[in-house]
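Here is a short briefing to read alongside the model. Take a moment to look over the fold, and then we can walk through a few of its features together.

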Amino acid sequence: MPAGVTEEKAALRRRLAALPPADWAPLCRRFLALPQLKQAGTVLLFWGVGREPDTGGMLEELLRRGKRLALPRCLPDRRMEAGEVTGPACLCPGIYGIPEPGADCLPIPREEIDLILVPNLCCDRRGFRLGHGGGYYDRYLAGYRGHTAALCPEEWLQQALPTDDFDQPVELVLTQWGQWRGQPFL
């Protein structure tokens, strides 16, 4: 990644850390109402930490709806895989202390996942997101053919994030007031 882009992203992460916490409930409700979710058989969710949404309630709700559910498991070389979970008891602290599927949770091939909720610190109107900088999701999303979504409070939505060829956009950015992907649509 060019030094300029890396520096711009680091500066943006610092600015975002100073913002007040978000109310994630409306955004979680928007995700749970997506037609793509209704049609999905298998969903890759993440366990929110820090300034990310609390996804624990969504985990329970998706299981209640009969979805096959996976969470990411970090692997060496900044790679990840999806591990099937049947409830919070399946989770254990991963290499970053983030709850992830335990060793006894079977991996789910990426091509079997219909919808991925992608974590972020903020997004832009084109569908690009700013993550923590590890590149796990960008590697995982490269070549992925299913649906992707991210939650971003409208006040954190950027006009355009600094990006490079490695960055993978999401299909939908859900805010309190709408959905974005290149052009606003409701």
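Which residues make a nonpolar surface patch of about 310 Å²? The patch is made by I95, Y96 and I98. Please keep in mind that this is a predicted model, with a mean pLDDT of 92 for the protein chain.

**Confidence**
- Of the residues in the chain, 96% reach a pLDDT of 70 or more.
- One stretch calls for care: over residues 182-186, pLDDT stays under 50. For these residues the model has nine contacts beyond four places in sequence.

**Y96, in the patch and in a ring pair**
- Y96 sits in the loop that runs between β4 (91-93) and β5 (99-101).
- Is Y96 buried or exposed? Its relative accessibility is 51%, and the cut-off for exposed is over 50%, so Y96 counts as exposed.
- Besides contributing to the nonpolar patch with I95 and I98, Y96 forms an aromatic pair with Y136.

**Aromatic pairs**
- The count of aromatic pairs comes to two.
- In one of them, the ring centres of W24 and W156 are 5.7 Å apart and the planes stand at 80 degrees, so this pair is edge-to-face.
- W24 and W156 link distant parts of the chain, 132 residues apart. W24 belongs to the loop between α1 (3-17) and α2 (25-32), and W156 to the loop between β10 (147-151) and β11 (172-174).
- Both partners count as buried: W24 has 11% relative accessibility, and W156 has 5%.
- The pair of Y96 and Y136 is edge-to-face as well, with 6.0 Å from centre to centre and 85 degrees between the planes.
- Why does the pair of Y96 and Y136 tie together parts that are 40 residues apart in sequence? Y96 lies in the loop between β4 and β5, while Y136 lies in helix α5 (residues 136-141).
- Within this pair, Y96 is exposed, with a relative accessible area of 51%, whereas Y136 counts as buried at 11%.

**C123 and its surroundings**
- C123 is part of strand β8 (residues 122-123).
- With a relative accessibility of 0%, C123 counts as buried.
- Which residues are in contact with C123, leaving aside its neighbours within four places in sequence? They are F128, R129, A150, C152, W156, L157, Q158, L161 and V173.
- One of these contacts, W156, is also the ring partner of W24.
- C123 and G94 are 29 residues apart along the chain, and their C-alpha atoms are separated by 25 Å.

**Salt bridges**
- How many salt bridges does a search of the whole structure find? The search finds seven.
- E112 and R68 meet through their side chains in a salt bridge, at 2.7 Å from N to O. The pair links distant parts of the chain, 44 residues apart: E112 is in the loop between β6 (107-108) and β7 (115-117), and R68 is in strand β2 (residues 68-75).
- Both ends of that bridge are partly exposed, with E112 at 36% relative accessible area and R68 at 27%.
- E81 and R73 form another salt bridge, and their closest N and O atoms are 2.8 Å apart. Here E81 is partly exposed at 23%, but R73 counts as buried at 9%.
- R126 and D124 are joined by a salt bridge too, with 2.7 Å between the closest N and O atoms. R126 is partly exposed, with a relative accessible area of 31%, whereas D124 counts as buried at 0%.
- A network of salt bridges links E61, R64 and R65.

**Helix α4 and what follows**
- Which residues of helix α4 (residues 56-64) are buried? Among them are G56, M58, L59, E61 and L62.
- E61 thus appears in two settings: E61 is buried in helix α4, and E61 takes part in the salt-bridge network with R64 and R65.
- After α4 comes G66, whose phi is positive, near 85 degrees.

Methods. Residues numbered from 1 in each chain as written. Heavy atoms only, no water. Patch = residues over 30% accessible without salt bridge, like charges linked within 9 Å, V, L, I, M, F, W, Y side chains within 5 Å. Areas by Shrake-Rupley, 256 points an atom, 1.4 Å probe, with all protein chains shown as cover. Salt bridge = Lys/Arg side-chain N within 4 Å of Asp/Glu carboxyl O. Helix = DSSP H or I, 4+ residues; strand = E, 2+ residues; numbered from the N terminus. Buried < 20%, exposed > 50% of the residue type's maximum accessible area, 1.4 Å probe, protein only. Contact = heavy atoms within 4.5 Å. pLDDT = per-residue confidence, 0-100. Phe/Tyr/Trp six-rings, centres within 6.5 Å; stacked < 30°, edge-to-face > 60°.
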